[in-house]
Structure formats: structure tokens, C-alpha cells
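Here are some friendly notes to read alongside the model. Keep the 3D view open and find each residue as you go.

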Amino acid sequence: MPCEVKPRFVVLYGSQKGQAQSIAEGIAEEAEAYGLVADLSCLNENEKYNLEKESAPVVFVVSTTGDGEPPDNAFQFVKSIKRKTLSTDHYKHLCYALLALGDTNYANFCNCGKTIERRLQELGAKQFYATGYADDGVGLELVVDPWLKGLWKAIKESLSKMASDGNAYLKKIGASVPTDSKFASVASSSASAVSDLKPAFPVALAASLTCSVPPLCESSLNVPALPPAYLDVSLQEVDTVEEIVGPLHKETLHHVQISKAVQLTRGDAVKTALLLELDISAYPTMAYQPGDSFDVFCPNRAAEVDHLLHRLGLQNQRNHHVTISLKKDTKKKGAQVPSYIPQDVSLLFLLTWCLEIRSVPKKAFLRALVEHTRDSTQRRRLQELCSKQGAADYNLYVRDPSLSVLELLTAFPSCSPPLTLLIEHLPKLQSRPYSAASSHLRHPGKLHFVFNVVEIPACSGRPAGRRGLCTGWLFDLINPGVVFPGKAESSSSPALPKIHVSLRPNSSFRPPPDPSVPFIMVGPGTGVAPFIGFLQQREEERQKNPKAVFGETWLFFGCRHRERDYLFREELEGFVSSGTLSHLKVCFSRDHREDEDTTTSAACPRYVQHNLLLNSQHVTDILLRQNGCLYVCGDAKNMAKDVNETLMEIIKTELQVDQLEAMKRLAGLREEKRYLQDIWG
Ligand code: FAD
Ligand code: NAP
């Protein structure tokens, strides 16, 4: 776990009538709102602070009394810093800001503050924020308020500067340092030994995308070799500005109308599932079978492209044409100009339709970015992230949260890569496949598909969450034209747009050609999509051939809440009523969690595989005795793996065989194409 300790600073006050104290207390109280911790002390409480070793910024608030005298509770402090024996570098490590309170109606205005300031400077301390001289004669607030307003930025900048100075110093002397780029409180101390410096790191830093903690920040690094550059890219101004209207090679794709958009989930569901109907009647080559999927071609988000152009300093060249050629002297083996980058398209088109600008930067890309990063702390962090030693941090801060190059460039502001580097390292913008969730027999000329709007949460390096590229784009395209089930469709619904698609037939994930073969379908969440197609097709076939023999069908479906995300509930129950679906086994993974103590819920299976286990005998009968088939669709990362494990367990138990034999049986089923998966993740 990262250590979540806030950066600290020190507030010291000397106050006669309480005004300076009250201002100092206000600063300390407000610190939290700025993500900081203030150590507040009165100047005479010298057991509570130690300026000789203080590495954090120090804020003094002092008033003046009498004829320019220090307040009583600052008297000793002022006396102590006036000692002639102190050397001129006594406070060399100290960073301070000072607010002096006084009254111009009296002699020696702000004298205490001025004395402290003069001595601090004589002793080598550095001012991090201009001193404020507030005059009670005209109203302290005239100076105090704006001074306080600017203080927070100054403290943060000071913390940041101290961190990098401290790091640079320590690196120079070979010591290891935390590399927080923002608020690390480290000393730029003149102490001569590392051991002297250690106590000057009182702040434990929170590890983040831009900041590492020991041991990584102390480690020497094995950094990959710099990937050789291989492209020459030039931009040419053109006379005519082209309109960005669609993907590459759009003439080979189908531009189909979205004819319906229905939200399948309730507003309070964990994920939002939508069903889109496409009108494919004009495209015979889009004729599909249940089990097929098709590709949706979506652009990168305009705002992100725009942001990236600005970040690359190319906002004024967005309409320039890009020419790419192979670097003559490149050392990259087998280097080629990427086939997915056409010649003579505009920079805007290139970033909108050709490159996956949200792809997670690979370590080689990070390595190349190091060369274009000015700030040494940021360079070090990028080196860490691509190093062998930083593999865990790379996974945690880059790979797992799916950080994009734009997010990375925002987090590392001194990194300014050339366009060429992005073109060399960003992969092709991929189309997104979706399973057909309909049968053309039930819906001639139409194709249905269902998807969850992917929500990618905020993380270190991404202040706000974002939606998946394609699902977020589709979501925006169809709103406000979405229909909610149970609500009457309005004849004045806004027109829905067209999208570019192409079919990608699947030759094996198909219902058994012989209708008498029994089969089992496992599809939680949107994984149910192809099975809706299977069942619609089967229902139509049953109606056409009432005398034909149809084998048993089983569907194992799972979702989170019965009332919120039970996709296709009515249609599935209808299949059961008509006899098209022999057994519908549904589980709700989060319903029973909420009332766990009740006896009924305790027995409730949570996931599809638990229902498979409850029906082990039928599963083995169908698969191993009746030559039936089993289909799994949906999430590959967890669900499909767990279902596979469960099938092994079922085979072991039901057939009384060992692990190896169960594996062989399952592998045999795969080979015979009787255990089929269409999974993603
Ligand atoms: P992207 O922008 O591509 O983002 C998705 C990526 O974001 C993930 O790969 C992951 O790296 C990352 N991510 C997601 N959640 C998080 C998180 N919490 N934290 C960090 N990173 C995260 N999908 C359907 O909904 N319905 C279907 O019928 C369907 N059929 C498919 C059929 C096939 C053959 C295949 C291969 C995939 C299918 N998919 C289906 C998946 C679909 O193609 C898309 O991948 C999916 O919709 C997400 O696309 P996107 O562009 O919105 O998300
Ligand atoms: P989901 O997030 O997978 O959740 C559906 C249900 O599965 C929830 O009740 C969830 O429960 C449960 N679940 C979680 N972990 C599980 C596990 N280890 N084993 C079994 N069930 C588990 O549903 P979804 O969002 O619709 O996701 C389906 C995935 O499949 C998506 O990524 C989608 O893109 C993909 N998909 C692929 C294809 C394809 O390849 N042809 C087709 C359609 C969909 P909890 O959340 O309560 O744990």
C-alpha cells in the first residue's frame, strides 16, 4: 500500500495581543484543505520545533509591540538568532515566509518581523514568498488577506523545489532520495554526511504515477535499450481542408443506420447495458448467422485529439498533410512504414482514425519518452517505470489503470516528444467486435447487439474517470434517442445516426447443425448476447418444423441484481414458456449479498459456475453421454477461467477420474468442437 502522508510545513508565531496567533492558527487550520499538514507552535515553545534541522518550509507570523519590541512570547527566539557566534550558513537549509504585523502610528513599524527577516537572511535562509507588512493603522486585512491567498501556492512550489533540490543534491553525493515531484519535503542541507540528512526526510511520500518511494527510488535501474527511431515524418500545408467524415477504407465498410437504441438496465444498475438495432437491409454481405460478430469502427474522441495536438504544439498544423517515410539509416530490424497509416492524410485524420491514442504506452515507448523529458525528476521516474526494478509500478500506475499517452504527457509536463515518436509507438486504432444478439429469421434486415458502457475509473494520472472509446462513443451518439423498456416509444424520438461496420463471421461458434443435439450455453452479463441469437433462430426453426426433434437446451445466465440488470428477462422467460429453452438457470451475484443472513439466500448460487455445479449430473450427461455441446461467452479474464475450472471439477467428480484425465476429457471436447468459447478480456 502506498503511504498516504501529507506534506508538512511549519507555522511559528509571536503574538502580543493574539492577532498574529489567530492568523497563524487560521493558516494551520486551512492547511488540510490544501492537502498539507501544518505544525503550529508559538516561538517560545522551542521544544516543539527545531529550526536547525527543519527541512520543511517555515511560515512566521509575528507582531511588534511597544517601540518596535518583539512580543513577549517571541523575545527569547529573537535574542537567540541575534547571537554573533552563529555562522552565515546556520540556516542555509531553511526556507521561510514571513508575515509581519505592525502599526504605522508607532515608531519602528513591523520592527520585530524586520529583525527576524534580516537575521534569517544573514544566516543563509531563503525566502520562498515575499514578506507581508500589515499595518493595523489602516487595517491589517489590506495586506493579510492577499498575502494569505498567495501563500498556499508558494508553499506548494517551495515543497516542490525543495524536493528537486534535495534530490539533486543527494544524487550528487550518491545518496538515495524520494522523488516526489510535487510536495516532497526534503532538505537542501549543507550537512556533510548522509546520516545527517536522514532525519531531514520526515515526510513519507505517497507513491503515485509521478512519484516513487523506497526501495525503488533508491535502486539502480536496468533500463531497456533505447528503441531505434525508424520513421521520418513531415507536415505540409495544403490548400484545401478536408472534412473528417469516416474511417480509413470506408468504401469497404457498411455505413448502417442505427434504427433503435434500448437501455436494458435500470438506472441504478452497476453497468449500463444498451441494445442497438442496425438496419442492414441494404447490405446482403452483412447476412449473418447466430454466433457471428461484427466490427464497429469508431474514431478517437475529438477533445482528446485536440488536447494531444496542443500538447504536441501542433494545433496550428492540424490540417497539414502528413508524409511518412522510412529513415534511411535506421537500426531497427525489419522496419516498415506502418501499413495502417496512409500517405497524404491530414494530421487530424491520422490522430482521429488511424492511431489508438489511448493505448497503454509500452515500456519501450516510456524509454523513448525519457529522451524528450527536460526535468530530471520526471526523467528518473520515466526510467523507473520502464525499468526491470519498476515493473510493479509500471503495472500499478500504467498498465492496470490503462493509462493513455495523453494522460502520461499531462502527468509529466516536461516531456515533449516529437510527433514521429507517437507514430512509431502508437498502434493501429482497432475496430471493436460485438456479437450479434439476434437472428435474421426473427428480425429480417436487422442486426442487434448489446454492450455495456465501459467505465474506466480515475487513478493516479487520471483525475477523472472516462468511458471506453467505442462504448462511450456509441453512448454519446445514441443519446438522447435511447428508449427505456416499459416506456412508450415516442414517435418524435430524435433521429439516430449511422455507423461504419463490417461482418466478421465465426465458423465454429454456431448452434449444432443437427437440432436434436442437446447443448448448454453459459453467458453471464452481455455474454448472453449470442445465445439470444441462438434461441431466436431455434424458435423460428421449431415453428417452421414442428415435427423435427429438438434436443434439450440449457442457459446459465448471471447478473448482479434481478431487478436491475437481468438482460432479456422477458425474452428468456418467453423461450422457456415456448419450450425453446428447456432450462434457464439464473443467478444474481449481489442480491443475496445484501441479505446474506436469510436462509434462502445462503443457498443461492452466486455465479454461473455455481449453478453448473448444482447441475453437474446433467452437464456431464449432455457433454459426455449424449454428445452434446457447451458454449461459453463473455469475460475471459475471470468468468471463462472459473467456468473451465468448474467443468474440470464436474468431470472429476462425476466420472471419478483424476485431474489429468479430466483435463484430457475437456481437451477432447475442445478438439471435437463441442466445448466452444467466444470470450474477451
Ligand atoms: P476501450 O476503450 O477499448 O477500453 C477497454 C479497455 O479499458 C479494456 O481492455 C481495459 O484495458 C480497460 N479497462 C476497462 N475497465 C477498466 C478498469 N476498471 N480499470 C482500468 N482499465 C479498464 N463487448 C460487448 O459489450 N458486447 C459484445 O457483444 C461483445 N462481443 C465481443 C466479441 C468479440 C469476438 C470480442 C473480441 C469482443 C467483444 N466485446 C463485446 C468486447 C468489445 O469489442 C469491446 O472491447 C468493449 O465494448 C470495450 O470497448 P471500448 O472501446 O468501449 O473500450
Ligand atoms: P460482467 O461484468 O462479466 O458481469 C456479469 C456477471 O458475472 C456479474 O453478476 C458478475 O458478478 C459475474 N462475475 C464476476 N466475476 C465472475 C466470475 N469469476 N465467474 C462468473 N461470474 C462472474 O458482465 P459484462 O459487463 O456484461 O461483461 C461481460 C464481458 O464479456 C464484457 O467484458 C464484454 O465486453 C464481454 N463480451 C464478450 C463477448 C465475446 O467475446 N463474444 C460477447 C459479449 C460480451 P460480480 O460483478 O457481482 O462479481
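**Notes on the cavities and on ligand 2**

1. Let us begin with the lining of the largest cavity: by class, 8 of its residues are nonpolar, 1 is polar and none is charged. Please keep in mind that this is a predicted model.

2. Which residues make up that lining? They are Val619, Thr620, Leu623, Leu624, Leu647, Ile650, Ile651, Leu666 and Leu669. Try selecting them together in your viewer. Two or more lining residues come from each of helix H20 (616–625), helix H21 (636–655) and helix H22 (659–671). H20 supplies the largest share, with 4 residues.

3. How large is the volume of the largest cavity? The value is about 50 Å³. In the whole structure there are 2 cavities of 30 Å³ or more. If you wonder how such spaces are found, rolling a probe the size of a water molecule over the atoms shows where empty space is left.

4. Now turn to the second largest cavity, with a volume of about 30 Å³. Its lining is formed by Glu304, Leu308, Ile357, Arg358, Ser404 and Leu406. Sorted by class, these lining residues are 3 nonpolar, 1 polar and 2 charged. Charged residues are thus part of this lining, whereas the lining of the largest cavity has none.

5. Next comes ligand 2. How many residues surround ligand 2? There are 23, and the closest are Lys271, Asn452, Thr526, Ser589 and Tyr607. The shell splits into 7 nonpolar, 10 polar and 6 charged residues.

6. Some polar contacts with ligand 2 are worth finding on screen. The side chain of asparagine 452 has an N or O atom 2.5 Å from an oxygen atom of ligand 2. For arginine 590, an N or O atom of the side chain is 2.7 Å from an oxygen atom of the ligand. With aspartate 642, the ligand takes part through a nitrogen atom, which lies 2.8 Å from a polar side-chain atom of that residue.

7. How much of ligand 2 does the protein bury? Taken alone, the ligand exposes 910 Å², and the protein buries 83% of that. The elements giving two or more residues to the shell are strand S18 (553–559), strand S20 (629–635), H21 and strand S21 (675–680). H21 therefore deserves a second look: this helix gives two or more residues to the lining of the largest cavity and also to the shell around ligand 2.

8. Last, look at the domains. Domain 3 (254–300 + 431–504) and domain 4 (519–680) each give at least three residues to the shell around ligand 2.

Definitions and conventions
Residues are numbered from 1 along each chain as its sequence is written. Chains are lettered from A and ligands numbered from 1 in the order in which they are written. This is a predicted model: local features need pLDDT of at least 70, side-chain atom pairs count only at pLDDT 80 or more; totals for chains, interfaces and linings use all residues. Side-chain values use heavy atoms; hydrogens and water are left out. On a 1 Å grid over the protein atoms alone, a cavity is a set of points where a 1.4 Å probe fits but cannot get out, and a pocket is an open set with protein on both sides within 12 Å along at least five of seven lines; lining residues have an atom within 4 Å of a point. Grid points are joined across faces, edges and corners, and a volume is the space filled by probe spheres set on the points. Ala, Val, Leu, Ile, Met, Phe, Trp, Tyr, Cys and Pro count as nonpolar, Asp, Glu, Lys and Arg as charged, and the others, Gly among them, as polar. A residue is near a molecule or strand if one of its heavy atoms lies within 4 Å of it. A polar contact is a pair of N or O atoms within 3.5 Å; within protein, one must be able to donate a hydrogen and the other to accept it, and residues adjacent in sequence count only if both atoms are side-chain atoms. Accessible areas come from the Shrake-Rupley method with a 1.4 Å probe; for residues, only the protein chains shown count as cover. Domain bounds come from an automatic or database domain assignment.
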